[in-house]
Amino acid sequence: MTANVTPLHRGPLATDVIRSTAEQHGVCVQPFTMETTDPSTGAINYIGVPCGSTVESICLPCARKARSLRMTQCREGWHLTKEPVTAASEPTGEHRTLVERRADLVAEYQISSGSDADDLREEIRSVDAELHQLGVRGRLPNPEGAGKRAPTRSTKRRQDAPNLPRRRVEKRTVGREYAGGFRPSMFVTLTCDTYGPVRSDGSPVNPDRYDYRRAARDAVHFASLIDRWWQNLRRVVGWDVQYFATVEPQRRAAPHLHAAFRGTVSHEVLRQVTAATYLQVWWPAHDHLVYVDSHLPVWSPDTTGFVDPETRKPLTTWADALDQVDAPAHVATFGPQVHSKGILGGTEEAGRHIGYLTKYLTKSTGEVVQADTHTQRDHHDRLHAELAVTPCSPRCAVWLLYGVQPLGATSRTTPGHCKGRAHRRTTLGLPGRRVLVSRKWSGKTLTEHRADRSAFVADTLAAAGIVKQARDTLALVWRKLAPGDRNAPPRDHLIMRAIAERVTWRAEYERALLAAQGPPGAPEVSATRYLAA
Ligand SMILES: [Zn+2]
Ligand SMILES: [Zn+2]
């Protein structure tokens, strides 16, 4: 044996080897350890539960699996020819769990200070989106509770693009069929407006004349503007258009939207809807900073609010500031460019576009908005500086810089410091939820798509006479591992066990596929389709 052969049993290297082996076999590289107790025997066992990360640099196998699930979801909904059967009206366990989770989040949100509140609200929104996906109808109680005011001057504050033709929206979600049985669906890209000419790397030709303020505000309100676009589109075409969309940054770091939607709409109509869609932000004006660095409002226990550091006069409350609003603080619109394309289901082109839509989902937002050149870095710095003074919500601590007390401000609120994603250098205002799926897209939740995959694998195995004894996990009592539990096996052991199980499973699965190919004329089973599972 030569001296430069590294022994594998040394800690760190062995861990690296296990990680790369786990990656090769599609096994989670950083599972959580759960302790299970069998109540009938009292036997304690330790089980590695996949981390479920969607980010490749954190866990490659889990991220790939998550992406492949999204691809399945996108594919199944895009060219549906029958109306999807939406979730049962009876509340299921899944509904209840989500509603309970939402209640907890709302309770936490209502006592949270400006900074944590933004993350919580983001979380509440994604729970709401899941609930809608599960077929929950109607409006969920607003997390702002009594603090939320009914909009006033509603006639003045119309948002419904009056220039567009309007139809009653039918209950239909499936597009029409053309002569010859063709049912194309659409792929569309929407971009933000222009803020000034840019170079090929996305950085402005003249940074001093680039409109960073509008760029920052448009980014913060992009998700709401998109919602408005779908509403307008549905009214114009008269049917309940369904979509699977992803939000990604362009080179200039402004968000844009790629969407697959079901059915066909002419390019001209898409262009008109885009041109007519706008979002008015009825917030207090925030054009001029009132307080900066050394001169910041201070918390006053007497008034239980923020006051001016010199005069000790209380700052305007959120409610009063809203009452004084008589013009929108910002109006967001799309850029004039709209790309759209009709695509037939099951074609190579459809597959390519699904790949395109989900391409960046395994990267974190921070990884997607990387700067490579120094001009890009300067551009990101400037945009970030503008986002730092752009309020992201009524609870944002940035409002204090404009002399307004945000909703829910407490003694722990720090003027100008909001933890909301919008202000982070790594995300540059991109929304946290990057996949937007409408409620009646595939008629299935992600959990149901996942279950389909397991069922497909189980059926394939069963067809070859391999019946897996399902571990009766429901009867077990699951518990998070207590900190410092010395009986738990090291994580590497759990990963090794999972790799061994995977190797056995794959051998069985391949045997099953060979068996399935058996008699000529039998339906073909794709060998690779679910191997990412
Ligand atoms: Zn993982
Ligand atoms: Zn904020």
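**Exercises on a pocket and a sheet**

The second largest pocket has a volume of about 450 Å³. The model in which this pocket is found is a predicted one.

**Exercise 1.** Determine which residues and elements line the second largest pocket, and how the lining divides by residue class.

*Solution.*
Step 1. The lining consists of 19 residues; those nearest the centre of the pocket are Pro249, Gln250, Arg251, Tyr360 and Val368.
Step 2. At least two lining residues come from each of E4, E5, H9, helix H10 (365-368) and helix H11 (374-388). Of the elements, E4 gives the most, with 3 residues.
Step 3. By class, 7 residues of the lining are nonpolar, 7 are polar and 5 are charged.

**Exercise 2.** Establish the strand order of the open sheet and identify its edge strands.

*Solution.*
Step 1. The sheet has 6 strands in the order E6-E9-E3-E5-E4-E10, with antiparallel pairing.
Step 2. Strand E6 (278-281) and strand E10 (435-437) each pair on one side only, and are the edge strands.
Step 3. On average, neighbouring strands are turned by 20 degrees against each other, direction ignored.
Step 4. At the E6 edge, 4 bridges join E6 to strand E9 (residues 330-343). Gln280 there stands opposite Val331 in E9.

**Exercise 3.** Describe how helices H7 and H9 lie relative to the sheet strands.

*Solution.*
Step 1. Helix H7 (residues 267-276) packs on the sheet and touches strand E3 (185-192), strand E5 (255-261), E6 and E9. The direction of H7 makes about 170 degrees with that of E9.
Step 2. Helix H9 (residues 348-358) lies across E3, strand E4 (243-249), E5 and E9, at about 150 degrees to E9.
Step 3. H9 also supplies at least two residues of the lining treated in Exercise 1.

Key: Residues are numbered from 1 along each chain as its sequence is written. Chains are lettered from A and ligands numbered from 1 in the order in which they are written. This is a predicted model: local features need pLDDT of at least 70, side-chain atom pairs count only at pLDDT 80 or more; totals for chains, interfaces and linings use all residues. Side-chain values use heavy atoms; hydrogens and water are left out. Two strands pair if DSSP finds at least two bridges between them. Axes are lines fitted to C-alpha atoms, for helices over the stretch in contact, and angles run from 0 to 180 degrees between N-to-C directions. Contact means heavy atoms within 4.5 Å. On a 1 Å grid over the protein atoms alone, a cavity is a set of points where a 1.4 Å probe fits but cannot get out, and a pocket is an open set with protein on both sides within 12 Å along at least five of seven lines; lining residues have an atom within 4 Å of a point. Grid points are joined across faces, edges and corners, and a volume is the space filled by probe spheres set on the points. Ala, Val, Leu, Ile, Met, Phe, Trp, Tyr, Cys and Pro count as nonpolar, Asp, Glu, Lys and Arg as charged, and the others, Gly among them, as polar.
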